[in-house]
Amino acid sequence: MSRSFSQLRRHAALLAAASFAGAILLTGSNAFAQQEEAEEPQEATSTFHHRALWMKNPASETVLSWTTREEGHNHRIYYDTESRGGDISEYAYEIPTFADGPITMKDADWEWVEPAFYHHAHLDGLEAGTDYYVVFASDDATSDEFYFRTAPGEDVEFAILFGGDSRIAGSDPYEHTDRQKMNLRMRQLFEDHDNIIALAHGGDYCMLADWRYIEPWLDDHELTTASDGRLLPIIPARGNHDRGVGFEEKFTWPDFDRNYYYETQLSPAVSLITLNTETSLGGDQRDWLGETLAEVRPDRRWVLSQYHRPAFSSVRSTQDGAGRRNNWVPLFEQYNIDLGLESHDHALKRTVPIRSSAPDMENGIIYIGDGGLGVPQRNPDTSRWWLQEPGFAKSVHHVHILNFGHDEMHVRAYAMEEGEDEILDDFTVPARYGIAAGQ
Ligand SMILES: [Fe+2]
Ligand SMILES: [Fe+2]
């Protein structure tokens, strides 16, 4: 495929964003055709795929990442706490990248996409709860101004988006209309709910962690950026379709020392623990989970865990989750996590509150999932004990908003489309365990 082909696809994705005005529009083949004549060549080091990644301490640090078509040699971020309109001479701070390199090309990639280069910059020492205005720069090419908001430094009410499974179904890496619609939906929710600070993505971004799939995923991720340039930071979990070096080239950070399991302090009152179902569940990871829960639980009102493959699946064999149930769930129950965030099965679900392998309406833990950010949905097995009322499961695309209050956590699942039936699930979790939970 020629460069203009891949650029054409890219512009088609961005066209959908440009067309978005309160209604969600499809990106169809006509859009591709219309764009063809307007196509302009990319600058050699033009920056694209602008995005933000959150790790351990998003109140004070963020990784900003982007792509260029040519290698370049001087990659950096200009940033400030006030808008400077993109004039790089005006920004108070400048920081170089910590990781740059050629994106790995597999043999099959050449048919679909052009080679490109990844760039990652680590901004540290940031002020909590603050808007940072940024320009991505590679050699002489500079981006428009974007901004992101750091996580709150105080115990205030806020929300995150949670969803998983944005991979496409077939072999054509550009057949991904539902993912685009879900990304536009997330953008709308991000714009409508000013207190949303990030997206926790439960894994399975693409069919494979190869560039022909990752490039269109990154194109589509740009659709989540708000119309005023606000970036939606990703907190990534690794799925079974993400087991390749391409995933590590897409999501990385400076002190990357564990295999995509880490704790994110979302606020002084909220911790999100991301686990990795694609490596050993026991051993080092389980030890780390126990130590981390012991450390954070006493100080946090809300402790959640996200990981790709479910402990309490909605579609796959119930035996499929035994590894998570044996290795992790006992620790979740010992330390009373407040919600489990699961993906992988491709249906919407909420379990009954569960403790000791049985429903426990008083003290159980609820698990939600199971991945609906564009992947074709499957038919769940609603006969399972953990999916009985008030739990349920159904086959429908979805994304959750988790709102962390002082007395309760409000969980809502939103459908792909706006309208009367847009709320697919709606419940609250009381702050029943308090800050002394697990003691
Ligand atoms: Fe999946
Ligand atoms: Fe999966």
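Two strands pair if DSSP finds at least two bridges between them. Strand 14 and strand 15 run parallel and are joined by five bridges. One of these pairs Val-270 with Trp-302, its bridge partner in strand 15. Between the two strands the chain passes through helix 6, and this β-α-β crossover is right-handed. The model described here is predicted.

The protein chain has 439 residues, of which 51% count as buried. Its secondary structure comprises eight helices and 24 strands. Among contacts with a separation of 6 or more, 73% link residues 24 or more positions apart.

Strands 14 and 15 belong to an open sheet of seven strands. The order is 13-14-15-16-20-17-21, and the pairing is mixed. Strand 13 (262-267) and strand 21 (392-394) are the edge strands, and each pairs on one side only. From one strand to the next, the twist averages 15 degrees.

The sheet can be followed from strand 13. Strand 13 and strand 14 run antiparallel and are joined by five bridges. A hairpin of two residues connects strand 13 to strand 14. Within this pair, Thr-264 has Leu-272 of strand 14 as its bridge partner. On the other side of strand 15 in the sheet order comes strand 16. Strand 16 (residues 339-341) runs parallel to strand 15, with three bridges between them. Here Leu-304 is matched with Leu-339 of strand 16 as its bridge partner. Further along the order, strand 20 lies between strand 16 and strand 17. Strand 17 (residues 348-350) and strand 20 (residues 367-369) pair in the antiparallel sense, over two bridges. The bridge partner of Lys-349 in strand 20 is Gly-369.

Helix 6 (residues 283-296) lies across three strands of this sheet: strand 13, strand 14 (270-274) and strand 15 (302-306). The helix runs at about 175 degrees to strand 14.

How is strand 15 placed with respect to the rest of the structure? Five of its five residues are buried, so strand 15 is largely enclosed by the rest of the structure. Both faces of the strand are covered. Trp-302, Leu-304 and Gln-306 are buried on one side, and Val-303 and Ser-305 are buried on the other. Two of these residues also appear in the bridges given above: Trp-302 is the partner of Val-270, and Leu-304 is the partner of Leu-339.

Strand 13, although an edge strand, is also largely enclosed by the rest of the structure, because five of its six residues are buried. Gln-265 lies in this strand. A residue counts as buried when 20 or more other C-beta atoms lie within 10 Å of its own. Gln-265 has 18 within that distance, so Gln-265 is partly exposed. Leaving out residues up to four places away in sequence, Gln-265 touches Lys-56, Asn-57 and Ser-271. Lys-56 is 209 residues away along the chain, yet its C-alpha atom is 6.0 Å from that of Gln-265.

Nonpolar side chains tend to be buried together in soluble globular proteins. In this model, the largest nonpolar core holds 108 residues. Val-134, Ile-160, Leu-161 and Leu-199 touch the most other members of this core. Strand 7 (residues 131-138) supplies the largest share, six residues. Beyond its neighbours within four places in sequence, Ile-160 is in contact with Ile-196, Ile-197, Ala-198, Leu-199, Ala-200, Leu-266 and Leu-402.

Two helices also show extensive burial. Helix 3 (residues 177-192) has 16 residues. From its first C-alpha to its last it reaches 22 Å, close to the 22 Å expected at 1.5 Å a residue. Twelve of the 16 residues of helix 3 are buried, so the helix is largely enclosed by the rest of the structure. Among them are Asp-178, Arg-179, Lys-181, Met-182, Leu-184, Met-186, Leu-189 and Phe-190. In helix 4 (residues 211-221), eleven of the eleven residues are buried, so helix 4 too is largely enclosed by the rest of the structure. The buried residues of helix 4 include Trp-211, Tyr-213, Glu-215, Trp-217, Asp-219 and His-221.

Terms used. Residues are numbered from 1 along each chain as its sequence is written. Chains are lettered from A and ligands numbered from 1 in the order in which they are written. This is a predicted model: local features need pLDDT of at least 70, side-chain atom pairs count only at pLDDT 80 or more; totals for chains, interfaces and linings use all residues. Helices (H or I, at least four residues) and strands (E, at least two) are DSSP runs, numbered from the N terminus. Axes are lines fitted to C-alpha atoms, for helices over the stretch in contact, and angles run from 0 to 180 degrees between N-to-C directions. Two residues are in contact if their C-beta atoms, placed from the backbone, lie within 7 Å. A crossover is right-handed if, with the strands pointing away from the viewer, the path from the first strand over the helix to the second runs clockwise. A nonpolar core is a set of buried Ala, Val, Leu, Ile, Met, Phe, Trp, Tyr and Cys residues joined through C-beta atoms within 7 Å. The expected span of a helix is 1.5 Å times one less than its number of residues.
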